[in-house]
Amino acid sequence: MRKTIHYIDMFAGMGGFREGLTRAGDFVCMGHCEIDKYADRSYRALFDTEGEWFIDDARKADPETMPEFELLCGGFPCQAFSLAGNRRGFGDPRGTLFFELARLAEARKPRYLLFENVPYALQHIRHIMNRNQLCIAPP
């Protein structure tokens, strides 16, 4: 029997993770985080978010006030790691937003993590996470 997995959608954008998990089935979104007001407006137009947990800034997310979840999703900003940016990694303030996912994961210890970014980010993250924590899809 399949079990429903509850998740939090961090750096939600317009809902890429949510759309994919909705299509996969047996996933329930408990809330989201998005700082861009236009992306959040689109997210809310696409998905029924009534009654869900929400915060605009990941740096303000209090793990104690978050609902129960087994999966933490996050597509932290890629500009710090991508060819479109300066590839400064954690030297770019946007790159340090990865640590907000790490902070929430450490505090709540969800069973699953699903993070997305560009390949160059892995060169930075692999020094922080051990090999058992990383599952890398080929480009």
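## A first contact

Glu106 and Lys109 form a salt bridge in which the closest N and O atoms are 3.2 Å apart; the term denotes a side-chain nitrogen of Lys or Arg within 4 Å of a carboxyl oxygen of Asp or Glu. Both partners are exposed: Glu106 has a relative accessible area of 53%, and Lys109 has one of 56%. Here buried stands for under 20% relative accessible area, exposed for over 50%, and partly exposed for the range in between, with a 1.4 Å probe and protein chains only.

The structure is a predicted model, in which local features need pLDDT of at least 70 and side-chain atom pairs count only at pLDDT 80 or more, whereas totals for chains, interfaces and linings use all residues. Residues are numbered from 1 along each chain as its sequence is written, and side-chain values use heavy atoms, with hydrogens and water left out.

## Overall architecture

The protein contains four helices and five strands. Read from the N terminus, the order of elements is β-α-β-α-β-β-α-β-α. Helices (H or I, at least four residues) and strands (E, at least two) are DSSP runs, numbered from the N terminus.

Of the 139 residues, 41% count as buried. The exposed surface of the protein comes to about 8700 Å², of which carbon and sulfur atoms supply 53%; accessible areas follow the Shrake-Rupley method with a 1.4 Å probe, and for residues only the protein chains shown count as cover. Among contacts between residues at least 6 apart in sequence, 60% join residues at least 24 apart, a contact being heavy atoms within 4.5 Å.

## Parallel strands and their crossovers

Strand β1 (residues 5-10) and strand β2 (residues 27-33) run parallel and are joined by five bridges. Two strands are taken to pair if DSSP finds at least two bridges between them. Within this pair, Ile5 stands opposite Phe27 of β2. Between the two strands the chain passes through helix α1 (residues 16-24), and this β-α-β crossover is right-handed. That description applies if, with the strands pointing away from the viewer, the path from the first strand over the helix to the second runs clockwise.

Strand β2 also runs parallel to strand β3 (residues 53-55), with three bridges between them. Gly31 has Trp53 in β3 as its bridge partner. The chain reaches β3 from β2 by way of helix α2 (residues 37-46), again in a right-handed β-α-β crossover.

## Cysteines without disulfides

A disulfide is a covalent bond between the sulfur atoms of two cysteines. The criterion applied here is a pair of cysteine sulfur atoms within 2.5 Å, and a search of the whole structure finds zero such pairs.

Why does Cys73 form no bond with Cys29? The sulfur of Cys29 is the closest cysteine sulfur to that of Cys73, but the distance is 8.0 Å, which is too far for a bond. Cys73 is buried, at 0% relative accessible area. Cys33 is also buried, at 2% relative accessibility.

## Further salt bridges

Side chains of opposite charge can pair when their charged atoms come close. The count of salt bridges comes to seven. One of them joins the side chains of Glu19 and Arg23, with an N to O distance of 2.7 Å. Both residues lie in helix α1, four residues apart, or about one turn of the helix. Glu19 is partly exposed at 30% relative accessibility, whereas Arg23 is exposed at 69%.

Another salt bridge links Arg108 with Glu68, the closest N and O atoms being 3.4 Å apart. Arg108 lies in helix α3 (residues 98-108) and Glu68 in the loop between β3 and β4 (71-74), so the pair ties together parts that are 40 residues apart in sequence. Glu68 is exposed, with 61% relative accessibility.

## Loop residues

Which residues other than glycine have a positive phi? Asp26 is one of them, with a phi of about 65°. Asp26 belongs to the loop between α1 and β2 and is partly exposed at 33% relative accessible area. Lys109, the partner of Glu106 in a salt bridge, also has a positive phi, near 50°. Lys109 is placed in the loop between α3 and β5 (112-115).

Thr96 is found in the loop between β4 and α3 and is partly exposed at 30% relative accessibility. The C-alpha atoms of Thr96 and Phe76 are separated by 9.0 Å, with the two residues 20 apart along the chain.
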